[in-house]
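Me: I'm new to reading protein models and would love a slow, close look at one part of this one. Could you pick a buried spot and then walk me outward from there?

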Amino acid sequence: MSATEIFDESDSLAGKLQKVIDLPLFDSSSRISTSDVACSLSLEHWHSARALLRASLLPSALVVHRAQFEALTRSIWLTYVASSEQISKLTADLSIESEQAAKNMPQIAQMMQALEKSGPQHAYDALIRFKDNSWKALNSYAHAGIHPIRRHHEGYPLRLLHDVLRNTNGLAVMSCMQAVVLSGQQPLQRTILDIAGRHPACMPPPI
């Protein structure tokens, strides 16, 4: 596969997944609608990261990739764990007061701990596997640490660009599975996985 073909394959994957998840929400509750917004953010970050990678802007793509993971985790946490009070803080009209009230929302470590206890096991397992493998490097890129400093100085191996693209696609498949959950059509998760399985060249290697 050429340097550009993997990006074309990724675009094809994105188009097919988007058709599956173009669904109404299960209900209009604050929990479902707020989870959906976070899920949509994660998918938007996916599209942005892919565009940045195609332009060989690896450090910026990885900062967005980190945000992609955080938005997906937030969506799943909102669905299964967040209290009504926490949801209300995220749905309040923007103001100095509401911004202050939302400052103490759980961050990644706290959300992961809560999901381990109360979330769906398969989702937690996938999230923690990604976090264990990628979080330190992603934080380094977000905070101008050794990873981006050295890579920006030395250049970016093409394989690294492709591996990051595969990882963004892997997270996106999880986001699409979350999207069909929010539609109340969980059986479509199988369809999502089948589509991903037909695009192995742009997906992470099977575990």
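Reply: Let's begin with His199, which counts as buried because its relative accessibility is 4%, under the 20% cut-off for that word. This is a predicted model, so every value here is computed from predicted atoms. His199 is found in the segment after α10. Leaving out residues up to four places away in sequence, His199 touches Glu9, Ser12, Leu13 and Lys16. Those partners bring us to helix α1, which covers residues 5–21. For a sense of distance, take His162: it is 37 residues from His199 in sequence, and their C-alpha atoms are 14 Å apart in space.

Now step back into helix α10, residues 188–197. Which residues does Ile192 contact, leaving aside its neighbours within four places in sequence? They are Leu17, Val20, Ile21, Val173, Cys176 and Met177. Ile192 is also one of the residues that touch the most other members of the largest nonpolar core, together with Leu17, Leu53, Trp77 and Leu127. That core has 54 residues. Helices α1, α2, α3, α6, α7, α9 and α10 each supply at least two of its residues, and α9 gives the most, with 12. As general background, nonpolar side chains tend to be buried together in soluble globular proteins.

Gln189 lies in helix α10 too. Is Gln189 buried or exposed? Gln189 is buried, because its relative accessible area is 16%. A polar atom of the Gln189 side chain lies 3.3 Å from the backbone oxygen of Met177. Not counting residues up to four places away in sequence, Gln189 touches His122, Met177, Val180 and Val181. Met177 therefore appears twice on our walk, as a contact of Ile192 and as a contact of Gln189.

Let's move on to Thr79, in helix α3. Thr79 is buried as well, with a relative accessible area of 14%. Its side chain reaches the backbone oxygen of Ser75 at 2.9 Å, and it makes a polar contact of 3.1 Å with the side chain of Ser35. Beyond four places in sequence, Thr79 touches Arg31, Ser35, Gln178 and Leu182. Ser35 thus turns up both in the polar contact and in the list of touching residues.

Next, have a look at two loops. Ser56 is found in the loop between α2 and α3, and Ser56 is partly exposed, at 37% relative accessible area. Its phi is near 65°, a positive value in a residue other than glycine. Ala144 lies in the loop between α7 and α8 and is exposed, with a relative accessible area of 53%. The phi of Ala144 is positive too, near 55°. These are worth a second glance because most residues other than glycine have a negative phi.

Finally, look at the two helices on either side of Ala144's loop. The axes of α7 (residues 121–142) and α8 (residues 146–154) come within 6 Å and cross at roughly 70°, which makes α7 roughly perpendicular to α8. On the α7 side, Ala137, Ser140 and Tyr141 take part, and they meet Ile146, His147, Pro148 and Arg151 of α8. By class, this contact has four nonpolar residues, two polar and one charged.

Definitions and conventions:
Residues are numbered from 1 along each chain as its sequence is written. This is a predicted model: local features need pLDDT of at least 70, side-chain atom pairs count only at pLDDT 80 or more; totals for chains, interfaces and linings use all residues. Side-chain values use heavy atoms; hydrogens and water are left out. Axes are lines fitted to C-alpha atoms, for helices over the stretch in contact, and angles run from 0 to 180 degrees between N-to-C directions. Helices (H or I, at least four residues) and strands (E, at least two) are DSSP runs, numbered from the N terminus. Angles under 35 degrees count as roughly parallel, over 145 as roughly antiparallel, 65 to 115 as roughly perpendicular and the rest as oblique. Contact means heavy atoms within 4.5 Å. Ala, Val, Leu, Ile, Met, Phe, Trp, Tyr, Cys and Pro count as nonpolar, Asp, Glu, Lys and Arg as charged, and the others, Gly among them, as polar. A nonpolar core is a set of buried Ala, Val, Leu, Ile, Met, Phe, Trp, Tyr and Cys residues joined through side-chain atoms within 4.5 Å. Buried means under 20% relative accessible area, exposed over 50%, partly exposed in between (1.4 Å probe, protein chains only). A polar contact is a pair of N or O atoms within 3.5 Å; within protein, one must be able to donate a hydrogen and the other to accept it, and residues adjacent in sequence count only if both atoms are side-chain atoms.
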